[in-house]
Amino acid sequence: MTIHIDLEEATLHGSVDLLWQVWLNLLDNAIKFSPQDGEIHVQLSQLDGHICVTIQDSGPGMDEQAQAHCFDKFY
């Protein structure tokens, strides 16, 4: 597996512990659902005072039913 990382320097105010959990969950899912020879791209950029984090993998993606519930707690 290949991981590409492109991070701009940014300052973020928030809970360090909660943010670490978010990043770990997203990266864990990207690794878990990507093929062994797949790629993961992680990008952090700052635009107009906002921080944008993108994690993209080469896994199969979610079907429409999963997408409809992706923000439901414990789905």
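## Overall picture

Residues 24 or more positions apart account for 57% of those contacts in the protein that have a separation of 6 or more. The model described here is predicted, and the values in this report were computed from that model. Of the 75 residues of the protein, 11% count as buried, and the C-alpha trace spans about 35 × 30 × 25 Å along its principal axes.

The protein has two helices and three strands, and, read from the N terminus on, its elements follow the order β-α-β-β-α. The protein exposes about 6500 Å², of which carbon and sulfur atoms supply 55%.

## How the strands pair

Strand β1, residues 2-7, runs parallel to strand β2, residues 39-47, and six bridges join the two. Between these strands the chain passes from β1 through helix α1, residues 16-32, to β2, and this β-α-β crossover is left-handed. Individual positions show how β1 and β2 line up: H4 has H41 in β2 as its bridge partner, and D6 stands opposite Q43 in β2.

On the other pairing, β2 and strand β3, residues 50-57, are antiparallel to each other and are linked by eight bridges. One of the positions that can be followed here is S45, whose bridge partner in β3 is C52. Together β2 and β3 form a hairpin with two residues between them, and in its turn D48 has a positive phi of about 50°.

## The loop after the first helix

Where does S34 lie in the chain? S34 is found in the loop between α1 and β2, and with a relative accessible area of 10% this residue is buried, because the cut-off for burial is under 20%.

The surroundings of S34 bring together residues from separate parts of the sequence: leaving aside residues up to four places away in sequence, S34 touches M1, E39, I40, D57, S58 and G59. For one of these residues, G59, the spacing can be given in two ways, since S34 and G59 are 25 residues apart in sequence, while their C-alpha atoms are 4.0 Å apart in space.

## A salt bridge within the first helix

By the rule applied to this model, the count of salt bridges comes to one. In this salt bridge the side chains of K32 and D28 meet, with a distance of 3.6 Å from N to O. K32 and D28 are four residues apart in helix α1, so about one helical turn separates them.

Are the two partners of this salt bridge exposed or partly exposed? K32 has a relative accessibility of 52% and therefore counts as exposed, the cut-off for exposure being over 50%. D28 has a relative accessibility of 41% and so counts as partly exposed.

## A nonpolar patch on the surface

Which residues make the nonpolar surface patch of about 550 Å²? The patch is made by M1, I3, I5, L7, L27 and I31. The elements that give two or more residues to this patch are β1 and α1, and β1 gives the most, with three residues.

M1 has its place in the segment before β1, and its relative accessible area of 41% means that this residue is partly exposed. M1 therefore appears in two of the settings described in this report, since it is one of the residues that make the nonpolar patch and is also among the residues that S34 touches, while M1 itself is partly exposed and S34 is buried.

Definitions and conventions: Residues numbered from 1 in each chain as written. Predicted model: local features only at pLDDT ≥ 70, side-chain atom pairs only at ≥ 80, totals over all residues. Heavy atoms only, no water. Pairing = 2+ DSSP bridges. Right-handed = clockwise from strand over helix to strand, strands pointing away. Buried < 20%, exposed > 50% of the residue type's maximum accessible area, 1.4 Å probe, protein only. Contact = heavy atoms within 4.5 Å. Areas by Shrake-Rupley, 256 points an atom, 1.4 Å probe, with all protein chains shown as cover. Patch = residues over 30% accessible without salt bridge, like charges linked within 9 Å, V, L, I, M, F, W, Y side chains within 5 Å. Salt bridge = Lys/Arg side-chain N within 4 Å of Asp/Glu carboxyl O.
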